[in-house]
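Grab a pencil and work through these short exercises. Try each task yourself, then check the solution under it.

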Amino acid sequence: MAAEIRQMTGCSPLASFRTALGWSQPEVVERYAESAPGSVMDQPLLSRLEGFPAAGSRPPQATQIITLASLYGTSPLRLLSPTALDRLDEHERAVLIRCNAAFTAVPAPAGPPARENSTALAISQPPTTPRALSATDHLERQVDMAARRALRFAVTAEGSNIGPETLDQLRDEVAWIAAAYPQQPLPSLLGDLIDLQDVAFRLLEGRQRPTETSELYVLAGAISGMLAKASHDLGNPQAAMTQARTAYVCADNAGHDGLRAWTRCLQSMIAYWAGWPNDSVRYARLGAQPAARTTGTSSVWLHAQEARAWAILGDADKAEAAIIRAADARDAVRGDDLDALGGIMAFSRPRQLYYAADARTWLPGADDLAEQAATEAIDAYETADPAERSFSDEAGARTDQALARVNTGNLDGAAEALRPVLDLPPGQRIGGILTSVMRVHNALRHSEHRAASIARDTQLAIEAYTQVPAAAALPNGR
């Protein structure tokens with residue numbers, strides 16, 4: 001809501017968050033005095049802070065932004081535009097960047113899975129309606145502010161801009177978004193991913209111990225990789241490749257073979273869906289060496305993705321060989337720190353089955369094998385641990401099942417398989433799913449299906465579905 005207000009009115013982020021809550025400046029001043037009794041804030045000062053960096057405005061202090069972030073239920077960096085942040089005093093800017101990574105905001109409304117023993121870095125949204133501060137609220141905020149002061153002291157005392165607590169917090173947020181990505185609509189996560197990448201990059205611009213820098217690069221690479229996937233899901237392969245290259249640079253700087261292999265898989269996948277199968281094979285081959293040196297599931301993903309690339313090129317022998325290598329790699333998996341992050345950073349067995357089905361849909365005469373693999377993938381997802389569920393890959397398996405059924409003349413079965421996919425809300429209609437359902441649409445155009453009313457009805461449903469993609473569900477400004 002704050003982003004939309006800013007888009008429509010051109011006001012500052014600080015003013016847009018206040019407006020989104022429906023609060024007047026005097027109301028904010030009153031709440032500010034209750035939250036930070038020792039600080040000075042009045043309406044003229046708030047007005048000048050909200051106008052920064054325009055002429056006649058006043059640059060805010062870090063403590064003022066932190067207190068206002070507590071009131072608005074967001075993170076400090078969200079209250080400043082990039083221009084405003086750059087024009088702050090260097091010390092004030094450094095404090096904000098450090099504190100943002102340890103910021104504990106108002107708990108977010110129900111949405112992605114709950115995170116135990118974690119705090120919100122840039123995830124929380126402002127409350128939808130204002131309410132008076134209770135004595136409990138006041139005490140909780142005092143505790144929060146005391147905790148932040150303690151963390152800032154620890155960071156300074158450690159001689160680094162990122163201490164163990166900050167690093168743990170960043171790791172926790174990356175793990176949370178990695179787990180949420182396969183299960184939540186992309187529009188609800190994209191803004192948080194962008195904010196998280198900004199925090200990681202700004203921390204890397206500071207100074208850390210070598211071991212902290214290495215882990216920070218791994219986390220920044222994982223975030224950039226997820227943003228590459230987001231760009232791909234929104235139908236922008238060029239932006240996706242840019243983010244993926246950044247992820248690979250981070251992996252190289254960290255010397256992390258697992259992340260190197262994971263990023264090559266990602267690049268191969270982006271190229272596959274963009275219609276660049278030879279590039280898809282090339283990226284998969286580039287990942288072979290780091291994959292051989294890792295114990296994580298990225299080695300399984302690499303072979304499974306290579307199978308899809310060879311299949312779309314029509315090389316059945318190489319595709320089937322890659323499927324077998326993926327199965328062998330699964331037997332050798334012992335897990336690594338990317339698998340520990342979970343979600344999109346790991347490659348589950350149900351996803352592996354889906355990739356095998358997807359590869360076989362391209363191979364002539366393999367429709368029965370494709371349907372069998374797709375059915376196995378669907379069954380595996382339905383019985384899997386909830387943390388391994390993925391709306392996009394489940395949808396992919398169902399479209400592969402539908403495609404195989406169309407190719408064998410089972411049009412009613414194809415429509416049944418596709419029904420759960422066509423029921424997905426706009427926020428979950430990402431690029432790969434749209435491409436997959438259009439493959440079913442194209443298969444139904446075959447001359448032997450034209451007279452069937454079920455074929456025309458399914459095509460019409462697909463056309464209506466693809467006209468409202470996930471990008472249409474993004475708020476203004478994203």
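**Exercise 1.** Which side chain does the side chain of Ser280 join in a polar contact?

*Before you start:* this is a predicted model, where local features need pLDDT of at least 70, side-chain atom pairs count only at pLDDT 80 or more, and totals for chains, interfaces and linings use all residues. Residues are numbered from 1 along each chain as its sequence is written, and side-chain values use heavy atoms, leaving out hydrogens and water.

*Solution.*
- Step 1: look for a pair of N or O atoms within 3.5 Å, where one must be able to donate a hydrogen and the other to accept it; residues adjacent in sequence count only if both atoms are side-chain atoms.
- Step 2: the partner is Gln305, at 3.3 Å.
- Step 3: check the surroundings. Ser280 has 0% relative accessibility, so it is buried (under 20% relative accessible area; exposed is over 50%, partly exposed in between, with a 1.4 Å probe and protein chains only).

**Exercise 2.** Which residue forms a salt bridge with Glu306?

*Solution.*
- Step 1: a salt bridge needs a side-chain nitrogen of Lys or Arg within 4 Å of a carboxyl oxygen of Asp or Glu.
- Step 2: Arg325 fits, with the closest N and O atoms 3.3 Å apart.
- Step 3: the two residues sit 19 residues apart, in distant parts of the chain.
- Step 4: compare accessibility. Glu306 is buried at 9%, while Arg325 is partly exposed at 32%.

Conventions
Helix = DSSP H or I, 4+ residues; strand = E, 2+ residues; numbered from the N terminus.
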